[in-house]
Amino acid sequence: MEEEEEEVRNQCKSRLPISDGMGRSEELSDFQRGTVVGCHMCNKSVREISALLKLPRSTVSAVILKWKRGGITTALPRSGRPHKLKEEDRQVLERVALEKCLPSIEALTAEFQSASGASVSSTTVRRELHEMGFRGRVSSYSKPKGGQKVAKNQEDTKVGVSRLDLRVGRIITAMQFPDDDSVYMEHVDVGEDSPRTVVSELAKYIPVDQMQNRMVVLLCNLKPVKTGGELNQAVLMCASSADKVEIIDPPSGAVPGDRVTLQGFLGEPDKELNPKQKVWEQVQSDLRTDGQCIATYKGAAFEVIGKGVCRAQTMSDSEIK
């Protein structure tokens, strides 16, 4: 055992850069993050890994936490600037762009302002349209029949957003792990014959009494993995920042098992996502709440059809994990 630990130590020292004490170091590479997780899987503590690799404990903890939550160590890209338009205004803009076939971006902006009552510049309108997938001349926009916007949605579908099995659930019970005061184990009704077991690191952010009998949104088709000896069968969707986490709430009237869709992205979810394709990892970087706290993917709202959209309580313009 001592020889194996010495081998791990030597490999880590040879592969990770040593801090030079000259201030904040460069962001860890994927390989370096993987090495941190490898040491963690060899039952090394955060303190031991920090000392061994000469990394701050906060960095080591953040890498391990990201891996536990999503099975990933990749440093995900930032999601860019928030939208200036409300989600309902973006839907009006899309309808105007598709139906009016106007000659210029200025004319389209004027028509959009008349239809929505929003006051925005043509530059903002152009940027929003670009993010929706519209390309080329304004006068060439038309109802999707294989044009630019369809191509964008098809591309996103290949990445996998419509392959996610997002559902409404109800937490039946939640309790703290006996050996980890930062982790809850929940039994969640997702409309199946028996509840699912879900393990989530929310105990530091949400009191246990607020977890009981709570309606939530879950990702239900990741491959189940064991966490702390328990089989984790789904992931709770939460708005997240460095010091705050809020559970995403489904709309009023939603019931366990209701499917949560992304407006404009059609398709049936996979029975189980293939971990090798990293669908969840690619989609996750574009999940965030908008200015009205609505959960979105690239501006498209999380929706239970006929019942409304899903949202955080107070966290706007925040990542969703």
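**An aromatic pair, a five-stranded sheet and two unusual backbone angles**

In this predicted model, the count of aromatic pairs comes to one. The two partners are Phe265 and Tyr297, whose rings meet edge-to-face, with 5.5 Å from centre to centre and 75° between the planes. Phe265 lies in the loop between strand E10 (261–262) and helix H9 (279–284) while Tyr297 belongs to strand E12, so the pair ties together parts that are 32 residues apart in sequence. The points below take up the setting of these two rings, then the chain as a whole, an open sheet, and two residues with positive phi.

**The aromatic pair and its surroundings**

- Phe265 has a relative accessibility of 10% and therefore counts as buried, since the cut-off for that class is under 20% relative accessible area.
- Tyr297, the other partner in the edge-to-face pair, also counts as buried, because its relative accessibility is 1%.

**The chain as a whole**

- The protein chain contains nine helices and 15 strands, and buried residues make up 42% of its 321 residues.
- Of the contacts in the protein chain with a separation of 6 or more, 64% are accounted for by residues that stand 24 or more positions apart.
- About 17,400 Å² of the protein chain is exposed, and carbon and sulfur atoms supply 48% of that area.

**The open sheet**

- Five strands form an open sheet in the order E3-E2-E1-E4-E7, and their pairing is antiparallel.
- The edges of this sheet are formed by E3 and by strand E7 (235–236), each of which pairs on one side only.
- Within the sheet, strand E1 (residues 166–177) and strand E2 (residues 180–189) are joined in the antiparallel sense over seven bridges, and Ala174 has Glu186, in E2, as its bridge partner.

**Residues with positive phi**

- Asn213 is not a glycine, yet its phi is positive at about 55°; this residue is found in the loop that runs between strand E3 (196–200) and strand E4 (215–219), and both of those strands appear in the order of the open sheet.
- Lys298 likewise has a positive phi, of about 50°, although it is not a glycine, and its place is the loop between strand E12 (295–297) and strand E13 (300–304).
- Lys298 has a relative accessible area of 31% and is therefore partly exposed, whereas Tyr297, in strand E12, counts as buried at 1% relative accessibility.

Technical notes
Residues are numbered from 1 along each chain as its sequence is written. This is a predicted model: local features need pLDDT of at least 70, side-chain atom pairs count only at pLDDT 80 or more; totals for chains, interfaces and linings use all residues. Side-chain values use heavy atoms; hydrogens and water are left out. Helices (H or I, at least four residues) and strands (E, at least two) are DSSP runs, numbered from the N terminus. Buried means under 20% relative accessible area, exposed over 50%, partly exposed in between (1.4 Å probe, protein chains only). Two strands pair if DSSP finds at least two bridges between them. Contact means heavy atoms within 4.5 Å. Accessible areas come from the Shrake-Rupley method with a 1.4 Å probe; for residues, only the protein chains shown count as cover. Rings of Phe, Tyr and Trp (its six-membered ring) pair if their centres lie within 6.5 Å; planes under 30 degrees apart count as stacked, over 60 as edge-to-face and the rest as tilted.
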